[in-house]
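Visitor: Please take me slowly through one part of this model, the place where side chains of opposite charge may pair.

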Amino acid sequence: MSRQNLSPSRLEAFSDGVIAVIITIMVLELKVPAMDGIAGLRAVLPTLILYLLSFLQVGIYWVNHHYLIDEAETVSHGTLWANLIFLFCLSLFPFATAWVGEKHLSPFATALYAAVSILPGVSYTALWLAVRAQSPVPPHATWGKMIASTSLYLLAIPVALHRPMLALCLIGVVAVMWLLPPNTDDEVARDA
């Protein structure tokens with residue numbers, strides 16, 4: 001195997017490890033409340049909901065990353081770097097999640113969370129383009145879904161400055177869109 005034709009298996013294994021660490025860091029940020037019982041649970045419920053949203057986002061990227069790498073027959077130098085940039089952007093989720101948890105849905109913290117949510121989406125699109133440039137198989141994702149996701153994330157930033165909970169709902173809508181299984185060949189043909 002030449003240096004021009006690298007196997008996608010190492011890229012996938014490395015990415016799996018990084019994503020596992022990201023999820024581990026997020027769960028380690030969860031703290032047991034000072035109060036016990038229902039009062040304690042009520043006190044940490046917003047943090048748990050935010051953790052769930054962040055976990056879903058990272059998990060959705062992990063699933064779609066697998067679909068994407070399955071489409072790759074080889075990996076180029078550009079694909080390696082696009083993947084590394086994507087993983088860096090994804091690694092910002094624990095920081096943004098902790099910030100919102102600490103600041104209790106303040107407008108700035110929520111806008112920051114929305115901005116951090118955009119970064120993996122944009123970098124995943126760059127990775128998608130790098131893989132698609134070398135792959136003859138039909139794509140797992142459509143342009144329409146990626147543009148809709150980025151648009152909702154962008155909209156969530158100014159919304160967060162006035163209605164933080166609504167901004168998180170917009171981010172949640174993106175998660176729901178991606179929870180659906182990958183599209184069929186008919187959907188790809190309609191979106192192309």
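How many salt bridges does the structure hold?

Guide: The model is a predicted one, in which local features need pLDDT of at least 70, side-chain atom pairs count only at pLDDT 80 or more, and totals for chains, interfaces and linings use all residues. Residues are numbered from 1 along each chain as its sequence is written, and side-chain values use heavy atoms, with hydrogens and water left out.

The structure holds one salt bridge (a side-chain nitrogen of Lys or Arg within 4 Å of a carboxyl oxygen of Asp or Glu). Its partners are Glu71 and Arg132, whose closest N and O atoms are 2.9 Å apart. This pair links distant parts of the chain, since Glu71 belongs to helix 2 and Arg132 to helix 5, residues 107–132, with the two positions 61 residues apart in numbering (helices are DSSP runs of H or I, at least four residues, numbered from the N terminus).

Are these two partners buried or exposed? Glu71 counts as buried because its relative accessibility is 5%, and Arg132 is buried as well, with a relative accessible area of 18% (buried means under 20%, exposed over 50%, partly exposed in between, with a 1.4 Å probe and protein chains only).

Helix 2, which holds Glu71, also contains Ile38. Unlike the buried Glu71, Ile38 counts as exposed, because its relative accessibility is 58%. The helix that supplies one partner of the salt bridge therefore carries both a buried residue, Glu71, and an exposed one, Ile38.
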